[in-house]
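Reader: Could you give me a close look at one part of this model, starting with how its strands are joined? After that, I'd love to hear how the rest is put together.

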Amino acid sequence: MTVVTDFEVEVEGLSKRFGDEEAFVIEGLDFQVKKGEFICLLGASGCGKSTLLNILADLDSPTIGTVRVADRPTLMFQDASLMPWLTAGQNVELALRIKGMGKEQRRVRAQELLELVHLGTAFDKRPHELSGGMRQRVSIARALAQEKSILLMDEPFAALDAITRDFLHEELLGIWKRTGLTVVFVTHNVREAVRLGQRVILMSSKPGRFIREWNINLTEPRRIDAPEVATLASEITDHLRDEIKRHG
Amino acid sequence: MAELNKDKSELERLSAGLDALENKTTQADSIARKLFNFSGPLIAMAIFVGVWQIVFELKFVEEYILPSPQQVYQALVNQYQEGILLTAAWNSLSRGIQGFIFSIIIAIPIGLALGLSKTVRVVLKPITTGLQQLPSVAWVPAAIIWFGLSNATIYAVILLGAVPSIANGLSSGIEQIPSQYLKVGRVLGTTRIQQIRHIVLPASFPGFLAGLEQGWAFAWRSLMAAELIAVSPALGVGLGQLLDVGRQLGDMSLVLGAILSIMFVGILIEKLAFAPIREHTLRIRGLRN
């Protein structure tokens, strides 16, 4: 058995601003993510969460500092961002096609991935025929199709109703456990962070800096309405509120 | 293990329940609606012809200025029986379609360049927009001087009418692509070519289609203008020339008949070619209903 010590993501002294005269959006970030770890980045508006994810996904570059990732990560958004001219299955196939997978093979694989997110019967449905939660599951299947080891998620469930969100939390954790993905999950929902993460990092706003982090050692599986989740969430919320009040 | 299986089935049942509750049912048009969609325009046309007939009966104006629907119909039947009407319609239509296809082939690279490169856009967009605004009939005299009374004149006028519309349609289609789609393409690791092939072209298709429709309308109008002005035995008879024959003979029935034929061909192309593609495109993307 090999001991996994390698970090999947290593960030050192990362700062970002858009233009020489502008203020820093994120400043002096240092953190590492272990292989297979599930971390949640928590922060109010303006903490540069999306900027950070864009840099990790190589869609943007740091102004100062270095970022090292083991594999180019895949990124999921708040909006499922499915291509409206493709069916659910074809959306998943698109990821496989871009990787160069053959026609027969990718159809089979796309179907498998849709079954993984419990959408085995939705292959031929168009995005507009699916609910928000179903679209986001197709988006998860598309991300999995890329077979990247790192999954970045930018408030992926923020636009969903509470029941659907709760279900998707369970779905995501199930997939995470089965696949061993490294997940960096950005949210402004404290309970969601405590519910999902092994580690929760609280960020300040304007500029985004790391304030504090919590290792979550709660029992698994934990429900979003479990008392220990609520207790820790309210502790973190107090810190978050202090941070927000600082800007008042 | 049993615990895990129980959990799994629990999750699956929850998933199935949620999906069933959120399942969107799209309501198809009722039969009555479909029937009305078909018969509505016919009723409007019947009313139009009825009003025309009444105006004719009231004898406000002389017959040579406003003939009856019956006389116009008879003029068309005469042309048909002499074998001129269908030949003229076919000549015009085939010229129009050929010119339109050339236009598409020329416009696509221009539209892509305009849409993909900001530099090209800044330099060329004012020119293509200017050309699009210019009534292409204005080109007819120039084309006659350049190419004489030949098919080249007619094709040149069609191209000048259609290419700017198609190119601008494609270019706006590309400019209006939600940036999120482009971002997803990059996250999926597309090469430049894959990004164009799998994201940019399909995403810009509605804009391109609008450009095609406008391009066809311009091509058809330009063609009629060219046929009206460029009359020569070498060019054969098209609907525009038929219209001109009617004018020269002072045969108002033939003039109106030719105008109706030109309209009819336009409607036919819209209904048979563009409408189905447009409906399909909008429907699958959820832009209808």
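Author: Happy to! One definition helps before we start: two strands count as paired if DSSP finds at least two bridges between them. Please also keep in mind that this is a predicted model.

With that in hand, look at strand 8 (residues 199-203) and strand 9 (residues 210-215) of chain A, which run antiparallel and are joined by five bridges. Within this pair, Val200(A) sits opposite Trp214(A) of strand 9. The two strands form a hairpin with six residues between them, and in this hairpin Lys206(A) adopts a positive phi near 45 degrees.

Now step back to the sheet that holds this hairpin. The sheet is open, has six strands in the order 5-6-7-3-8-9 (chain A), and its pairing is mixed. Strand 9 is an edge strand, as is strand 5 (74-76) of chain A, and each of these edge strands pairs on one side only. From one strand to its neighbour the turn averages 20 degrees, with direction ignored. Further into the order, strand 3 (residues 38-42) and strand 7 (residues 182-187) of chain A run parallel, joined by five bridges. One pair to find there is Cys40(A) with its bridge partner Phe185(A) in strand 7. Helix 1 (residues 49-56) of chain A packs on this sheet and touches strands 3, 5, 6 (150-154), 7 and 8 of chain A. The direction of this helix makes about 155 degrees with that of strand 6 of chain A.

Chain A also has an open sheet of three strands, in the order 2-1-4, with antiparallel pairing. Its edges are strand 2 (26-34) and strand 4 (64-69) of chain A, each pairing on one side only. The twist here averages 10 degrees from one strand to the next. Strand 1 (residues 7-16) and strand 4 of chain A pair antiparallel over five bridges, and Ser15(A) has Ile64(A) of strand 4 as its bridge partner.

As for annotation, an unreviewed UniProt entry places "domain: ABC transporter" at residues 9-230 of chain A. In the model, that span is 34% helix and 24% strand, with its end C-alpha atoms 29 Å apart.

Next comes chain B. Here an unreviewed UniProt entry places "domain: ABC transmembrane type-1" at residues 89-273. That stretch is 85% helix and 0% strand in the model, and its end C-alpha atoms lie 17 Å apart. Helix packing is a good way to read this chain. Two packed helices are described by the angle between their axes and the distance between the axes.

Take helix 10 (residues 239-249) and helix 11 (residues 252-284) of chain B, which pack at an angle of about 165 degrees with axes 8 Å apart. An angle over 145 degrees counts as roughly antiparallel, and these two helices of chain B are therefore roughly antiparallel to each other. Their crossing is left-handed. Among the residues making the contact are Leu242(B) and Val245(B) of helix 10, and Ala258(B) and Ile259(B) of helix 11. By class, the contact residues divide into ten nonpolar, two polar and one charged.

Helix 11 of chain B also meets helix 9 of chain B: their axes come within 11 Å and cross at roughly 175 degrees. That angle makes helix 9 roughly antiparallel to helix 11 of chain B. The contact includes Trp216(B) and Trp220(B) from helix 9, and Phe274(B) and Ile277(B) from helix 11. Its residues divide into ten nonpolar, two polar and two charged.

Another arrangement appears at helix 3 (residues 69-81) and helix 4 (residues 84-116) of chain B, where the axes are 5 Å apart and the angle is about 85 degrees. These two helices of chain B are therefore roughly perpendicular to each other. The contact is made by Leu76(B), Gln79(B) and Tyr80(B) of helix 3 with Ile84(B), Leu85(B) and Leu86(B) of helix 4. By class, this contact has five nonpolar, one polar and no charged residues.

Finally, how do the two chains meet? Their contact takes 27 residues from chain A and 23 residues from chain B. On the chain B side, helix 1 (2-22), helix 8 (179-187) and helix 9 (192-229) each supply at least two residues. Helix 1 of chain B gives the largest share of that side, with seven residues. By class, the chain B side has nine nonpolar, seven polar and seven charged residues.

Key
Residues are numbered from 1 along each chain as its sequence is written. Chains are lettered from A and ligands numbered from 1 in the order in which they are written. This is a predicted model: local features need pLDDT of at least 70, side-chain atom pairs count only at pLDDT 80 or more; totals for chains, interfaces and linings use all residues. Two residues are in contact if their C-beta atoms, placed from the backbone, lie within 7 Å. Helices (H or I, at least four residues) and strands (E, at least two) are DSSP runs, numbered from the N terminus. Ala, Val, Leu, Ile, Met, Phe, Trp, Tyr, Cys and Pro count as nonpolar, Asp, Glu, Lys and Arg as charged, and the others, Gly among them, as polar. UniProt positions are given in the numbering used here, feature names are shortened, and annotations may be inferred rather than shown by experiment. Axes are lines fitted to C-alpha atoms, for helices over the stretch in contact, and angles run from 0 to 180 degrees between N-to-C directions. Angles under 35 degrees count as roughly parallel, over 145 as roughly antiparallel, 65 to 115 as roughly perpendicular and the rest as oblique. A crossing is left-handed if the near helix is turned anticlockwise from the far one by less than a right angle, and right-handed if clockwise.
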